[in-house]
Amino acid sequence: MNQPAYDYVIVGAGSAGCVLANRLSARSGLKVLLLEAGGPDVSPFIHMPAGLARLVGNHKINWGYYTEPQVQLGGRTLYWPRGRVLGGSSSINAMCYTRGHHLDYEEWAALAGPEWNYAAVLPYFLRAENQARGASKYHGVGGPLCVEDLKYRNPLSDVFVDAAAECGLMRNSDFNGPAQEGVGFYQVTQRNGRRCSAAAAYLKPALRRPNLEVRTHCLATRVVFSAGRAVAVEYRRGSGHPQLARAEREVLLAAGTLGSAQLLLLSGIGPPDQLRGLGIPITAEVAEVGRNLHDHLDFCTLYKSTRPITYDFSRWQELAVGLRYLLTHNGPGVSNIAEAGAFVQTVRAPDARPDVQLHFVPAQLDDHGRKRLEGHGFTIHACALRPYSRGRIELRSANAEDAPRIHADYLSDARDLDVLLEGVELSRAIARAAAFGPYRGREVFPGEAATTRGEVEQVVRRKAETIYHPVGTCRMGSDSAAVVDVELRVRGTEGLRVADASVMPRLIGGNTNAPTIMIAEKAADCILRAASAPPAR
């Protein structure tokens, strides 16, 4: 190990990793290395918000995972786009800023400890945020992450809100305020019409610091241990030979729900039978690594539009949108596409929290937007917010370059299907409301021939997809089976933490980017408190 040593080696420059790199390097006496498997965030489609339509299939900046065949979804393998670039998935997502319901964090507290209840996490949301509407009890100003109202909206997004109100949903101007339930417009992580990814918010301002080093195109292959303590990260840059990055204090995994669990397993931390079967020496027997995987399964109700006002642009129209954006930073180019939405409590909700989330897209969306449909249309996403189904990830091999096996096990608990069908029924009701009358064409999905529950269910099983919120594979908890403890330290080891969406013990009711940033903010505080002590050697 003749490489230079760092106080902290962070694996993954996604939402959490960028936060950690910023907050830790702000202490000048600490030397920080950030490793990222992808490259710099130089694509112009990252920074122009509507450019996200061009990112979903771009495998230069997207891991492009696929699940194993899903038994309850007709044996389909589902596409899982995840960011492989500075900023991670915050560089390719739809920028919706949601935190979940207050009670989500009371549930976390019951599982992991009072340090994770709503009162404990709210200050970290506030610290992260720079809210364009100003400071309040629920919002902060002056933080790195800019949160704004959209500068441009498609007229159909307003129609969606009116139609939902016709169906009895109350209007809500702030999904992150005192109440989550209702219909309204999403706020977005943008700054003056540009995407405000975690890389733009946290990493770029920190790059000038001499005590922070960022290395891109570096794939971590394992964590190296000495006497049970994490002391280095082995990684490869391109096709080169393995290199070591030494950590004097801690190794911090922020590689996401798939990447962090995969790296723990490659490092010998996980279910012993699985590791032995691949010839991986056991560092610590932690049976739940890779377990507790859950995600928001989503169905898109799609209608044709009788008027050509949607974002189903021709190629020349796309060029015009791009030119307008370059000149003015306004117009359709600043849209996050999913402009409006709703949180709804159905009759199946077991408690006071909404159990269905809607995203409205004034465009035709099929197969993550990878399938282009003729004409114009609009789409209403519906997902079951708190799934009961649990899956797992497993290693495909002992080679870090091989994607893990993703056993998502969607709808393995029938209750999830019941809630999802409620969401589809609501989506159809909204689309058929009077407000949509001047714009509503024929129903494409589920399709006008699908009139019974059984017929709709068949279409759902054939077309449902992820809405990109996998969590839980390194869950935190106060119980001895949890992968990480209340301060996100990996059980059975020293000097190793995980801080990203993988530690969520339960999926929050909403988009997961803001809570992931909050987790990293809170983790940085834990780490810096520990840093006041000298390195353990």
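**Exercise 1. Are Tyr105 and Trp108 buried or exposed?**

Solution. The model is predicted, so that local features need pLDDT of at least 70 and side-chain atom pairs count only at pLDDT 80 or more, while totals for chains, interfaces and linings use all residues. Residues are numbered from 1 along each chain as its sequence is written, and side-chain values use heavy atoms, with hydrogens and water left out.

Step 1. Apply the cut-offs: buried means under 20% relative accessible area, exposed over 50%, and partly exposed in between, with a 1.4 Å probe and protein chains only. Tyr105 and Trp108 are both buried.

Step 2. Locate the residues. Both belong to helix H3 (residues 102-112), three residues apart, about one turn of the helix. Helices (H or I, at least four residues) and strands (E, at least two) are DSSP runs, numbered from the N terminus.

**Exercise 2. Classify the aromatic pairs of Tyr105 with Trp108 and of Phe160 with Phe360.**

Solution. Step 1. State the rule: rings of Phe, Tyr and Trp (its six-membered ring) pair if their centres lie within 6.5 Å; planes under 30 degrees apart count as stacked, over 60 as edge-to-face and the rest as tilted. The count is 14 aromatic pairs.

Step 2. For Tyr105 and Trp108, the centres are 5.0 Å apart and the planes stand at 75°, an edge-to-face pair. Ring pairs join these two residues with Trp116, Tyr118 and Phe125 in a cluster.

Step 3. For Phe160 and Phe360, the centre distance is 5.0 Å and the angle between planes is 15°, a stacked pair. This pair links distant parts of the chain, 200 residues apart: Phe160 is in helix H5 (residues 155-166) and Phe360 in strand S18 (residues 356-361). Phe160 is buried at 0% relative accessibility, and Phe360 is likewise buried at 0%.

**Exercise 3. Explain why Cys300 and Cys383 do not form a disulfide.**

Solution. Step 1. A disulfide is a pair of cysteine sulfur atoms within 2.5 Å.

Step 2. The cysteine sulfur closest to that of Cys300 belongs to Cys383, but it is 10 Å away and therefore too far for a bond. By this rule, the count of disulfides is zero.

Step 3. Consider accessibility. Cys300 is buried at 18% relative accessible area, and Cys383 is buried at 1%.

**Exercise 4. Describe the surroundings of Thr67.**

Solution. Step 1. Thr67 is in the loop between strand S3 (65-66) and strand S4 (79-80), and is buried with a relative accessible area of 3%.

Step 2. Contact means heavy atoms within 4.5 Å. Not counting residues up to four places away in sequence, Thr67 touches Arg76, Thr77, Leu78, Trp80, Ile406 and Ala408.
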